Amino acid sequence: MTRFEEGKKYYCYSPCNSDCKYEFEVVKRTEKMLVIKDSDGNMKRRKIDTRGNEEIVYPDGKYSMCLVLGSNRMITEEKETTQYVAEKNIETQYIETTADNVISVDFEKKEEKQKNVKYYEINEEMAAREKGMMSFNDYKKGSATMQYRKLVDKAADIAEKQKEKVSRYISRKN
């Protein structure tokens, strides 16, 4: 069973808005109680319950649609170094901006680039407005284009695999 540890930070999401992330630090722990500190510095004492293989607390009290903080959601500080990015072949993003508008977004994959894939321009300003209407969180410049390109690349990969299957089938038939 995972347990809360003193001095560690944990997170949970709002049941109503998955973009809304809450972080809490465990200040003190006893066998049955936990003292947690929220991001505003407010301290709260809460009873520890169990659910499955983890300990849980209800940071704002127990009610319908309340926050549930689980001991398996610990925040780990992991720094990405240039070497780590290079080893894992992570996509890199280059954003060219002017005063408040995104001009272009470019993505590169270390291994290979997609061939014969046409990308259409995404209006980042409209994407930012849409995000503002649907969520209280800030819009990250270039994220709509990044998400769009990932989906197009995924579709292109599926099409390429299907094309290979068909060409193998036709070559066996002849």
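A salt bridge is a side-chain nitrogen of Lys or Arg within 4 Å of a carboxyl oxygen of Asp or Glu. The exercises below use a predicted model, in which local features need pLDDT of at least 70, side-chain atom pairs count only at pLDDT 80 or more, and totals for chains, interfaces and linings use all residues. Residues are numbered from 1 along each chain as its sequence is written, and side-chain values use heavy atoms, with hydrogens and water left out.

**Exercise 1. Find how many salt bridges the whole structure has, and describe the one between Asp-19 and Lys-131.**

Step 1. The search of the whole structure gives 9 salt bridges.

Step 2. In the pair Asp-19 and Lys-131, the closest N and O atoms are 3.4 Å apart.

Step 3. Asp-19 sits in the loop between β1 (9–13) and β2 (21–29), and Lys-131 in helix α2 (residues 124–134), so the pair links distant parts of the chain, 112 residues apart. Helices (H or I, at least four residues) and strands (E, at least two) are DSSP runs, numbered from the N terminus.

Step 4. Asp-19 has a relative accessible area of 36% and is partly exposed; Lys-131, at 22%, is also partly exposed. Buried means under 20% relative accessible area, exposed over 50%, and partly exposed in between (1.4 Å probe, protein chains only).

**Exercise 2. Place Arg-51 and Glu-54 in their sheet, and state whether Glu-54 is buried or exposed.**

Step 1. The open sheet has 3 strands in the order β5-β6-β7, paired antiparallel. Two strands pair if DSSP finds at least two bridges between them.

Step 2. β5 (49–51) and β7 (69–70) are the edge strands, each with a single partner, so one side of each has no neighbour in the sheet.

Step 3. β5 is joined to β6 (residues 54–57) by 3 bridges, and Arg-51 stands opposite Glu-54 in β6.

Step 4. The two residues also form a salt bridge, with closest N and O atoms 3.4 Å apart.

Step 5. Glu-54 is buried at 9% relative accessibility, whereas Arg-51 is partly exposed at 45%.

**Exercise 3. Count the disulfides and explain why Cys-16 is not bonded to Cys-20.**

Step 1. A disulfide is a pair of cysteine sulfur atoms within 2.5 Å. By this rule there are 0 disulfides.

Step 2. The closest cysteine sulfur to that of Cys-16 belongs to Cys-20 and is 9.4 Å away, which is too far for a bond.

Step 3. For Cys-20, the nearest cysteine sulfur is that of Cys-12, 9.0 Å away.

Step 4. Cys-16 is exposed at 62% relative accessibility, while Cys-20 is partly exposed at 22%.
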